[in-house]
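I set out to record what I looked up in this structure, entry by entry. I shall keep the notes brief.

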Amino acid sequence: MFKEYDVVKAKHDLSSIISRGTKGAIMLILHENPNKYEVEFIDDDGATLELLTVGDDDLELVENL
């Protein structure tokens, strides 16, 4: 389980914009379903690419930034 503001990366392609390895941050834990998260994915310059609802299976914690 992830915490709010954890830095994560996509484990696989999640959309036409978010590909495997794209970094993001957990913005919200959806309490109705604790295994779903709102994640803001960003590009290398820090600009928002997309905000997606994803599950545990879609994400990996980023250890080193």
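**Strand β2 and the surface patch**

I first located M27, which lies in strand β2, residues 23–29. The model is a predicted one, and I read every entry below with that in mind.

I then asked whether M27 is buried or exposed. M27 turned out to be partly exposed, at a relative accessible area of 31%. Patch members need over 30% relative accessible area, so M27, at 31%, passes that cut-off.

Which residues join M27 in a nonpolar patch on the surface? I found Y5, L28 and L51 alongside M27, and the four together have about 400 Å² of accessible area.

**Strand β1 and its partners**

I turned next to strand β1, residues 7–10. I noted V8 and A10 on its covered face, and V7 and K9 on the uncovered one.

I checked how β1 pairs. With β2, I found an antiparallel pairing over three bridges. With strand β5, residues 59–61, β1 also runs antiparallel, and three bridges join them.

I followed K9 into each partner strand. In β2, K9 stands opposite K23; in β5, the bridge partner of K9 is E60.

**The salt bridge**

How many salt bridges does the model hold? I counted one. I identified D6 and K3 as its two residues, with their closest N and O atoms 3.6 Å apart. The cut-off for a salt bridge is 4 Å, and the 3.6 Å between D6 and K3 is therefore within it.

I compared the surroundings of the two residues. D6 has 14% relative accessibility and so counts as buried, whereas K3 is exposed, with a relative accessible area of 55%.

**The nonpolar core**

I listed the largest nonpolar core last. It consists of twelve residues: F2, V8, A10, I18, I26, I29, Y37, V39, F41, L52, V54 and L59. I then asked which strands each supply at least two residues of this core. They are β1, β2, β3 (36–42) and β4 (48–55). The largest share, three residues, comes from β3.

I noted that V8 and A10, which form the covered face of β1, both appear in this core.

I closed with L59, another member of the core. Leaving aside neighbours within four places in sequence, I found L59 in contact with F2, V8, K9, K11, I26, Y37, V39, F41 and V54. Among these contacts, F2, V8 and I26 are also listed in the core, while K9 belongs to the uncovered face of β1.

Note on methods. Residues are numbered from 1 along each chain as its sequence is written. This is a predicted model: local features need pLDDT of at least 70, side-chain atom pairs count only at pLDDT 80 or more; totals for chains, interfaces and linings use all residues. Side-chain values use heavy atoms; hydrogens and water are left out. Patches are made of residues with over 30% relative accessible area and no salt bridge: like charges are joined within 9 Å, nonpolar side chains (Val, Leu, Ile, Met, Phe, Trp, Tyr) within 5 Å. Accessible areas come from the Shrake-Rupley method with a 1.4 Å probe; for residues, only the protein chains shown count as cover. A salt bridge is a side-chain nitrogen of Lys or Arg within 4 Å of a carboxyl oxygen of Asp or Glu. Helices (H or I, at least four residues) and strands (E, at least two) are DSSP runs, numbered from the N terminus. Buried means under 20% relative accessible area, exposed over 50%, partly exposed in between (1.4 Å probe, protein chains only). Two strands pair if DSSP finds at least two bridges between them. A nonpolar core is a set of buried Ala, Val, Leu, Ile, Met, Phe, Trp, Tyr and Cys residues joined through side-chain atoms within 4.5 Å. Contact means heavy atoms within 4.5 Å.
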